[in-house]
Every structure is written in structure tokens, then in C-alpha cells.
Amino acid sequence: MIPWSALLPVRLLKEALLRPASIQDGHRVLDLGCGTGTLAVLAKCAHRGAEVFGLDADAEALNRARTKLEAAGIEVQLDQGLASAMPYAGDSFDWALSSLFFHHLPYESELEAMREVLRVLRPGGEFHIADWGKATSPAMRLAFVGSNFSMASPQQPIT
Ligand SMILES: C[S@@+](CC[C@H](N)C(=O)[O-])C[C@H]1O[C@@H](n2cnc3c(N)ncnc32)[C@H](O)[C@@H]1O
């Protein structure tokens, strides 16, 4: 049986998340809650001169991410850890990206994770997030059975 989540345009979502990020050579990019690393792989393949990191709590997901990295022949630093206590120095990233992660967290943990994002981002750094959001029209509610994806960035804040 095909899981319902397989029907979602998840890769398109990740590409759309990445597109507005003007990542440059030498930039440090964090994929928060990277899971099996799809977004981190896309980011590194699109920006070979950037240093890409993936953080996730789940060792098994990170193992699967390592397999993807090897297959793609690219280097991404994968770290096991919690979003609420990231193993990174302050002001150490130019970009933080996150897809389909925040809806996993209870509200307090969301706040802790956001505080950590603000801590690790350099001044002027940006956090781009794509996750479930409130459906904005009956069509979207129908299409996604009550939910839809929201994209947020400085150009398109969550409303
Ligand atoms: C639905 S997956 C999304 C993975 C990936 N971002 C993607 O879009 O495919 C959510 C991930 O969040 C991770 N996760 C959940 N709570 C976490 C936390 N507090 N800190 C770090 N990772 C967490 C899980 O281990 C899981 O890999």
C-alpha cells in the first residue's frame, strides 16, 4: 500500500523552499530536522561551494541520510542532536532551512527550537521553513484533507 504521504509533492516543496535562498560559496547552511537528508542533499548539489550541515535526533534517519550522501558523492556534516540544544556555536550559520519538521514539536519545543535557530544564525542570516499550515481555501482543505503547506521567508512570512 502506498502511504498517503507519498502522494504529496514533497520534493517540489523542498525545491521551492531552497529556490529563494541565495546561498553563496563559503556559506554555512543548516538543515534542521534533516531526517534522511533529502533537503540537505538538494542544497549541497545546488551549492557545491557551501558547507551544509544536517541535524536530526534520530540516528537511523541519519544513517539513511549517509547512504544518500554516498550515492550522490557529496559531503554534508550530519549531526545527531536536538533542535532545542543544537551542537553549534552561536552566529555560525548563514542559512537555516527546515522542511516538515516543526509540526512534530509541541509548542514549547517549537519556541526552544526557534530560540536556537536565532542563536546559531549570524546577523543577517535567514531561516526558511516549509511545513504544514492552516488551509487558506476550501480547495486546499479538500486537496490536503484539512491542511496545506506553508512556505515562509522574509519575502513571504507566515500569516
Ligand atoms: C517528518 S521528518 C522530516 C525530515 C526532513 N526534514 C524532510 O523534510 O524529509 C521529521 C524529522 O524531525 C526529527 N525530529 C523530531 N523531533 C526532533 C527534535 N526535537 N530535534 C531534532 N530532530 C527532531 C525526526 O527524527 C525526523 O527525522
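1. Leaving aside neighbours within four places in sequence, which residues is valine 29 in contact with? In this predicted model, valine 29 is in contact with Ile23, Ala43, Ala50, Glu51, Val52, Phe53, Phe93, Asp94, Trp95 and Leu97 once those sequence neighbours are set aside. Val29 also appears, together with Leu30, Ala40, Ala43, Ala96 and Leu97, among the residues of the largest nonpolar core that touch the most other members.

2. The overall layout is a useful place to continue. The secondary structure of the protein comes to five helices and six strands, and, read from the N terminus on, these elements run in the order α-β-α-β-α-β-β-α-β-α-β. Of the 159 residues, 31% count as buried, and among the contacts between residues at least 6 apart in sequence, 66% join residues that are at least 24 apart.

3. The largest nonpolar core holds 33 residues. The elements that give two or more residues to this core are helix 1 (10–18), strand 1 (28–32), helix 2 (38–46), strand 2 (51–56), helix 3 (59–72), strand 4 (93–99), helix 4 (107–120) and strand 5 (121–134). The element that gives the most is helix 2, with five residues.

4. Helix 2 deserves a closer look. Its buried residues are Leu39, Ala40, Val41, Leu42, Ala43 and Lys44, and a student may notice that the charged residue Lys44 stands in this list as well. What covers the buried residues of helix 2 includes helix 1, strand 1, strand 2, helix 3 and strand 4.

5. Strand 1 is mostly covered, with five of its five residues buried. Arg28, Leu30 and Leu32 point one way from the strand, whereas Val29 and Asp31 point the other way, and all of them are buried. It is therefore worth checking both faces of strand 1 in the viewer, because a residue is counted as buried when 20 or more other C-beta atoms lie within 10 Å of its own.

6. The partner of strand 1 can be described in similar terms. Strand 1 and strand 2 pair in the parallel sense over five bridges, and within this pairing leucine 32 stands opposite leucine 55 in strand 2. Strand 2 is itself mostly covered, since five of its six residues are buried.

7. Helix 3 has 14 residues and reaches 20 Å from its first C-alpha to its last, which is close to the 20 Å expected at 1.5 Å a residue. The helix is followed by glycine 73, whose phi is positive, near 70 degrees.

8. Lysine 68 is found in helix 3, and is it buried, exposed or partly exposed? Lysine 68 counts as partly exposed because there are 15 C-beta neighbours inside 10 Å, a number that falls between the limits of 12 or fewer for exposed and 20 or more for buried. Not counting residues up to four places away in sequence, lysine 68 touches Thr36, Gly37 and Val41. Of these, threonine 36 is 32 residues away from lysine 68 in sequence, yet the two are 7.8 Å apart in space, C-alpha to C-alpha.

9. Two residues that are not glycines have a positive phi, and the reader may wish to inspect them side by side. Aspartate 91 has a positive phi of about 55 degrees and has its place in the loop between strand 3 (77–80) and strand 4. Leucine 100 also has a positive phi of about 55 degrees, and lies in the loop between strand 4 and helix 4. Their surroundings are described by opposite words: aspartate 91 counts as exposed because it has 12 C-beta neighbours inside 10 Å, whereas leucine 100 counts as buried because it has 21.

10. Tryptophan 132 is found in strand 5, and tryptophan 132 is partly exposed because 14 other C-beta atoms lie within 10 Å. The C-alpha atoms of tryptophan 132 and phenylalanine 102 are separated by 8.4 Å, although these residues are 30 apart along the chain.

11. Finally, there is the ligand to consider. The ligand is surrounded by 16 residues, of which the closest are Gly33, Gly35, Ala57, Asp58 and Ser99. Which kinds of residue make up this shell around the ligand? The residues of the shell divide into eight nonpolar, six polar and two charged.

How values were computed:
Residues numbered from 1 in each chain as written. Predicted model: local features only at pLDDT ≥ 70, side-chain atom pairs only at ≥ 80, totals over all residues. Near = placed C-beta within 6 Å. Core = buried A, V, L, I, M, F, W, Y, C linked by C-beta atoms within 7 Å. Helix = DSSP H or I, 4+ residues; strand = E, 2+ residues; numbered from the N terminus. Contact = placed C-beta atoms within 7 Å. Expected span 1.5 Å × (residues − 1). Pairing = 2+ DSSP bridges.
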